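Open your viewer and get ready to select a few residues at a time. We will move from a helix pair to pockets, then to a sheet and the cavities.

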Amino acid sequence: MAPEQITLYTAKICPYAQRTEIALAEVGVPFKRCEIDLANKPEWYAPKVNPASKVPAIAYGGPDVAPENPSPESIKLAESLILVEFIGDLYPSSGIVPADPVLRAKARFFIEIVSTKFSPHYVKFAMGDPEGTHVALLKGVDAVQAILPDGAKYAVGDQYSIADIAFTPFWARLNVCLQKRIGAYKDEERTSFLKALEDPKYAKFAGYVQRLLERQSFKSTFHEVRSLLCQSSLLS
């Protein structure tokens, strides 16, 4: 059976959207890409694609039509983590959704840790929130490192998975913002955070994120110039 067509509605600036782009790059499936200007969303987008008017979203199946006029026959899906798993389920041979139920549960738990222990501190830090200190951000790093398996390449083993896809776009944007000195954080907080990461106790985390940023699926979907607008991406 021929695969159904996929149209991805995305935005280069958005870390959530990049999750879906990474998943599509990992499975190597052709798809249509429709860039949505988050500052000036087209009028047709919410009524025809995603009532929440957010990216990413996918139109799956139906006839081959222009992205701005999706067919009513296509299935409209949204929310980045749902889409990443959906893509993995469509193409199980990619391995991004672990076949083993234990590893699959571990991947989802890793995503939960990222969502609750790392991302809130990342947002507060980048936005210059008084609670967004380097100490708080390091607690998020600690939480991620604590569940990384010893001697493995990625979040749940040597197989790249949905867990890694969920985390990568956010770490990449934080890294760019820190290196380029972009963000509302205080410079002394930036310096303290980067200095702390040099401690050998973070060697496992450092090796992990380096492998994430070296992954071709990440590099081919990351647009650094747009991602420098990290403050806007936090609000998208």
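Start by selecting His-134, Leu-137, Leu-138 and Val-141 in helix 5, which meet Glu-189, Ser-192, Phe-193, Ala-196 and Leu-197 in helix 7. Contact here means heavy atoms within 4.5 Å; helices (H or I, at least four residues) and strands (E, at least two) are DSSP runs, numbered from the N terminus. By class, this contact of helix 5 with helix 7 has 6 nonpolar, 2 polar and 1 charged residues. Ala, Val, Leu, Ile, Met, Phe, Trp, Tyr, Cys and Pro count as nonpolar, Asp, Glu, Lys and Arg as charged, and the others, Gly among them, as polar.

A word on the source: this is a predicted model, where local features need pLDDT of at least 70 and side-chain atom pairs count only at pLDDT 80 or more, while totals for chains, interfaces and linings use all residues. Residues are numbered from 1 along each chain as its sequence is written, and side-chain values use heavy atoms, with hydrogens and water left out.

Now show helix 5 as residues 134–146 beside helix 7: their axes come within 9 Å and cross at roughly 35 degrees. Axes are lines fitted to C-alpha atoms, for helices over the stretch in contact, and angles run from 0 to 180 degrees between N-to-C directions. The crossing of helix 5 with helix 7 is right-handed, meaning that the near helix is turned clockwise from the far one by less than a right angle.

Keep helix 7 (187–197) and add helix 6 (162–179) and helix 8 (203–214): each supplies at least two residues to the lining of the second largest pocket. A pocket is an open set of points on a 1 Å grid over the protein atoms alone, with protein on both sides within 12 Å along at least five of seven lines; a cavity is a set where a 1.4 Å probe fits but cannot get out, and lining residues have an atom within 4 Å of a point. Which helix gives the largest share of this second lining? Helix 8 does, with 5 residues. Among the lining residues to select are Trp-171, Phe-205 and Leu-213. The lining has 8 nonpolar, 3 polar and no charged residues.

For the largest pocket, select Tyr-16, Arg-19, Lys-54, Glu-79 and Ser-80, which lie nearest its centre among 14 lining residues. Its volume is about 220 Å³, a volume being the space filled by probe spheres set on the points, with grid points joined across faces, edges and corners. The lining of this largest pocket includes 3 charged residues.

Next, colour the open sheet of 4 strands, ordered 2-1-3-4 with mixed pairing; two strands pair if DSSP finds at least two bridges between them. Strand 2 (32–35) and strand 4 (75–78) stand at the edges with a single partner strand each, so one side of each has no neighbour in the sheet. Strand 1 (residues 6–10) pairs with strand 3 (residues 57–60) in the antiparallel sense over 4 bridges. Pick Thr-7 and you will find Ala-59 of strand 3 opposite.

Leave Thr-7 and Ala-59 selected and add Tyr-9, Pro-63 and Ser-74: they are among the residues lining the largest cavity. About 50 Å³ of space lies in there, and the lining has 7 nonpolar, 5 polar and no charged residues.

Finish at the second largest cavity, where Lys-153, Lys-204 and Arg-211 are among the lining residues. The volume of this second largest cavity is about 40 Å³.
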